[in-house]
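Hi,

Here is the structure I promised to pass on. Have a look through it first, and then read my notes below.

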Amino acid sequence: MNTDNNLRFRPGKKIRHRKDGGSVILFDPEEGRMAVLNETGSHLWLCLVDSPKSVQDLVEEICRVFEISIREAYIDIKEIVSNLHGEGWLVSDIQEGEIE
């Protein structure tokens, strides 16, 4: 998966979410599947709901909120985005054309 710093991600149009305490629960009504995100994944998801963001945007946000190093944040964010994108929870601007 391409997670270069210029590529932006956002939740897929059919994906629904719900906050439950410190977690976010994702639901895909078309496929009848669910996923529960951890604290970092939940924060990332809620950032993406507001507007599409690049991996670099998310790294900066996670560093600010969780006070971790850029390197550690980049590794974590790249893995989370890659997993969510690979499972179809997130889409990229390449898939959707230019995200507005």
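What follows is a short tour of the salt bridges, one strand pairing and the cysteines.

One thing to keep in mind from the start: this is a predicted model.

Let's begin with the charged side chains. In general, side chains of opposite charge can pair when their charged atoms come close. The structure holds 8 salt bridges, and several of the residues involved belong together: Lys 14, Asp 28, Glu 30, Glu 31, Arg 33 and Glu 87 are linked in a network of salt bridges.

A good place to enter that network is Glu 30, whose side chain meets that of Lys 14 at 3.9 Å, N to O. Glu 30 sits in the loop between strands E3 (23–28) and E4 (33–37), while Lys 14 is in the loop between E1 (8–11) and E2 (16–20), so this salt bridge ties together parts that are 16 residues apart in sequence. As for surroundings, Glu 30 is exposed, at 62% relative accessible area, and Lys 14 comes out as partly exposed, at 27%.

Now look at Arg 33, which takes part in two of the salt bridges I want to show you. One is with Asp 28, where the closest N and O atoms are 3.4 Å apart. Are these two residues buried or exposed? Asp 28 has a relative accessible area of 0%, so it counts as buried. Arg 33 is at 18%, and because the cut-off for buried is under 20%, Arg 33 counts as buried too.

The other partner of Arg 33 is Glu 87, again in a salt bridge with an N to O distance of 3.9 Å. This pair links distant parts of the chain: Arg 33 is in strand E4, and Glu 87 is in the loop between helix H3 (70–86) and strand E6 (90–92), 54 residues away.

Next, the strand pairing. E2 and E3 run antiparallel to each other and pair over 5 bridges. If you want a spot to find on screen, try Arg 16, which has Phe 27 in E3 as its bridge partner. The two strands make a hairpin with 2 residues between them, and Gly 21 in the turn has a positive phi of about 65 degrees.

Last, the cysteines. How many disulfides does a search of the whole structure find? The count is 0. Cys 47 is buried, at 12% relative accessibility, and Cys 63 is buried as well, at 16%.

Cheers

Terms used: Residues are numbered from 1 along each chain as its sequence is written. This is a predicted model: local features need pLDDT of at least 70, side-chain atom pairs count only at pLDDT 80 or more; totals for chains, interfaces and linings use all residues. Side-chain values use heavy atoms; hydrogens and water are left out. A disulfide is a pair of cysteine sulfur atoms within 2.5 Å. Buried means under 20% relative accessible area, exposed over 50%, partly exposed in between (1.4 Å probe, protein chains only). A salt bridge is a side-chain nitrogen of Lys or Arg within 4 Å of a carboxyl oxygen of Asp or Glu. Helices (H or I, at least four residues) and strands (E, at least two) are DSSP runs, numbered from the N terminus. Two strands pair if DSSP finds at least two bridges between them.
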